[in-house]
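Visitor: I would like to learn how to read the features of a model like this one. Could you walk me through it, one feature at a time?

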Amino acid sequence: MGRRTRGWRGRTVLAGAALLSVVVPAGRATTATAADAPPPYRFAADAERIEGADQPTDAERLTPGTSYRSTIRDNGKLYYGLRLDEASDASSAYVSATAVPKPGTKVMYSDGIKVSLQDPDGHRCFSGDAGIARFGPTESPRPLTAWASRRTGPGAYTCKNAGTYSVLVERTSGPGSSLDDWELELQYVSEPALEKAASTAAPQVWDSASPQALEGPALAREGGAGFSGARSLEQGVWKDGIRAGQTLFYRVPVDWGQQLDATAELGQASGDGYLGNALVMSLHNPVRALVDDAGTGYDGSRKQTALKPLPPVAYENRFAVDDRVGGMRFAGWYYLVVHLSAGMSDKFGDGPFGLTLRVRVRGTAEEAPAYSGAAVPRDVFEVSAQDRDAAASGSAATGGDGGGSGSSGENSAMKAVAVGGIGTGCVLVLGLAMWTVVARRRAGAGTAEGAVPVAGGGAARTYGRSRGR
């Protein structure tokens with residue numbers, strides 16, 4: 001038939017104070033409707049709107065620990081400001097920019113986003129880190145994250161002076177790409193210096209063998225729609241559903257001395273043809289810097305992709321030449337970002353398609369390096385007992401706005417209500433009955449015929465007509 005079919009599915013809908021159990025038939029996968037389309041990127045709920053400047057001298061200043069939203073035009077260049085102190089005893093600065101094209105935007109292989117940091121004289125700060133993110137062979141619109149840093153301490157030989165620095169965000173677009181503006185999410189993280197100088201040599205020996213894949217039953221864990229709503233995972237096998245063009249975000253706590261392994265598998269589906277770049281899995285560290293990515297093609301049969309073996313988390317990794325090693329320089333939340341190409345729709349339908357994640361965290365947690373102060377935001381480079389509890393329970397990150405994952409946001413809330421049991425249902429029914437009696441008495445006292453206020457925030461609305469007694 002060329003498109004994947006879906007069976008009957010029960011859904012729970014919360015309307016006002018009443019729970020309605022609705023069973024809807026789901027037919028063959030077709031072009032996604034507005035309700036079934038992948039949800040938009042979930043921006044941080046507390047993100048401040050900021051305008052990028054055309055010149056460094058006009059740039060608005062970023063504050064560490066604060067999230068920002070901005071907009072960049074086709075082939076645009078935007079400047080934002082940073083105030084940094086003397087590098088000899090100051091903090092390292094990490095700035096990331098996540099570019100979010102609109103769904104349906106046409107993008108090309110080389111289209112992407114670039115982030116760089118410049119000193120007060122306009123010289124680029126060299127940190128050895130890649131600052132470019134491109135869509136690559138998938139040519140599928142999705143959130144892209146690039147980053148830049150001012151690294152301090154031993155081995156740092158540029159951007160040592162205090163002053164007002166500039167963050168330059170550049171968008172690159174080739175011929176044939178859509179001209180629509182892209183939304184941006186900016187984050188600035190500050191890492192304190194060490195109390196004592198550390199070695200400037202990256203670890204040379206570590207277990208680089210690929211571990212045996214985790215086995216066992218997969219537990220349901222629904223991904224979020226952005227870094228701010230990423231779904232927490234611990235070691236285990238997890239299952240989810242992903243639609244064509246959708247990007248799902250997960251996060252895993254990885255402590256000092258621990259290694260992270262991850263595999264993503266796309267399940268079987270009916271359809272014809274082959275898509276060379278169907279599934280992409282990316283790993284980002286606690287400052288959202290890209291560590292590594294992996295992808296696979298798809299022909300309707302089960303396909304999987306895995307990250308290459310990564311070193312244990314260590315402060316000294318930052319001095320490595322390899323970006324994969326250098327990215328594993330902090331403890332904290334590591335983000336797995338999984339994208340399914342929009343091109344899947346033409347060959348195999350819109351989905352959702354079965355997604356299985358196998359996550360392993362190897363090694364015993366070690367002591368953190370002796371920092372001279374606190375990071376901003378606080379505890380971003382730590383793994384606490386609360387973090388491990390969050391990973392075990394599957395709670396989301398801080399949440400966001402601008403829509404959410406249909407799975408991790410709205411549906412999870414509905415499920416939480418639904419599993420409350422008969423006791424919760426009885427309370428709702430009793431409350432609804434009392435509310436109805438009050439409404440009828442008010443109606444008898446002179447309210448307009450048939451006007452029944454619907455419970456909920458904001459102004460009262462009317463719903464239906466009251467029946468006669």
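**Reading the model**

Guide: Let us start with one residue: Ser 67 lies in strand E5 (residues 67-72). Strands (E, at least two residues) and helices (H or I, at least four) are DSSP runs, numbered from the N terminus. This is a predicted model, in which local features need pLDDT of at least 70 and side-chain atom pairs count only at pLDDT 80 or more, while totals for chains, interfaces and linings use all residues. Residues are numbered from 1 along each chain as its sequence is written, and side-chain values use heavy atoms, with hydrogens and water left out.

Visitor: Is Ser 67 buried or exposed, then?

Guide: The scale is relative accessible area: under 20% is buried, over 50% exposed, and in between partly exposed (1.4 Å probe, protein chains only). Ser 67 has 12% relative accessibility, so it counts as buried.

Visitor: Which residues does Ser 67 touch?

Guide: A contact means heavy atoms within 4.5 Å. Leaving out residues up to four places away in sequence, Ser 67 touches Ala 44, Asp 46, Ala 47, Glu 48 and Leu 186.

Visitor: What is the strand order in the open sheet of five strands?

Guide: Strands of a sheet pair through backbone hydrogen bonds, either parallel or antiparallel. Here two strands count as paired if DSSP finds at least two bridges between them. The open sheet has the order E4-E5-E12-E7-E10, with mixed pairing. Strand E4 (48-49) and E10 are its edge strands, each pairing on one side only. Inside that order, E7 (residues 92-100) and E12 (residues 182-191) run antiparallel and are joined by nine bridges. To find your place there, look for Tyr 94, which stands opposite Val 189 in E12.

Visitor: How many disulfides does the structure hold?

Guide: A disulfide is a covalent bond between the sulfur atoms of two cysteines; the cut-off is a pair of cysteine sulfur atoms within 2.5 Å. The structure holds one. Cys 125 and Cys 159 form it, with sulfur atoms 1.9 Å apart, and the link is left-handed, with -100 degrees about the S-S bond. Cys 125 sits in the loop between strands E8 (112-118) and E9 (132-134) and Cys 159 in the loop between strands E10 (144-150) and E11 (163-172), so the pair ties together parts that are 34 residues apart in sequence. Both cysteines are buried.

Visitor: How should I read strand E15 (236-242)?

Guide: Begin with its surroundings: five of the seven residues of E15 are buried, so the strand is largely enclosed by the rest of the structure. E15 pairs with E13 in the parallel sense over two bridges, where Leu 219 stands opposite Trp 238 in E15. With E22 the pairing of E15 is antiparallel, over seven bridges, and Gly 241 stands opposite Gly 354 in E22.

Visitor: Which residues touch the most other members of the largest nonpolar core?

Guide: A nonpolar core is a set of buried Ala, Val, Leu, Ile, Met, Phe, Trp, Tyr and Cys residues joined through side-chain atoms within 4.5 Å. In the largest one, of 40 residues, they are Leu 283, Leu 336 and Met 344. Elements giving two or more residues to this core include E15, strand E18 (275-284) and helix H2 (344-348). A second, separate core of 30 residues includes Leu 82, Leu 84, Val 95 and Val 107.

Visitor: Which residues of helix H3 (residues 385-393) are buried?

Guide: They are Asp 387, Ala 390 and Ala 391. Around the axis they cover an arc of only 100 degrees (taken from the directions from the helix axis to the C-beta atoms), which puts them on the same side of H3. The face turned away from that buried side carries the exposed residues Gln 386, Asp 389 and Ser 393. Among what covers the buried residues are E14, strand E16 (247-254) and strand E21 (332-340). Just after H3, Gly 394 takes a positive phi of about 80 degrees.

Visitor: What is the mean pLDDT of the protein chain?

Guide: pLDDT is the predictor's confidence in each residue, from 0 to 100. The mean for the chain is 80, and 74% of its residues reach 70 or more. Over residues 1-33 the pLDDT is below 50, and over residues 402-469 it stays under 50.
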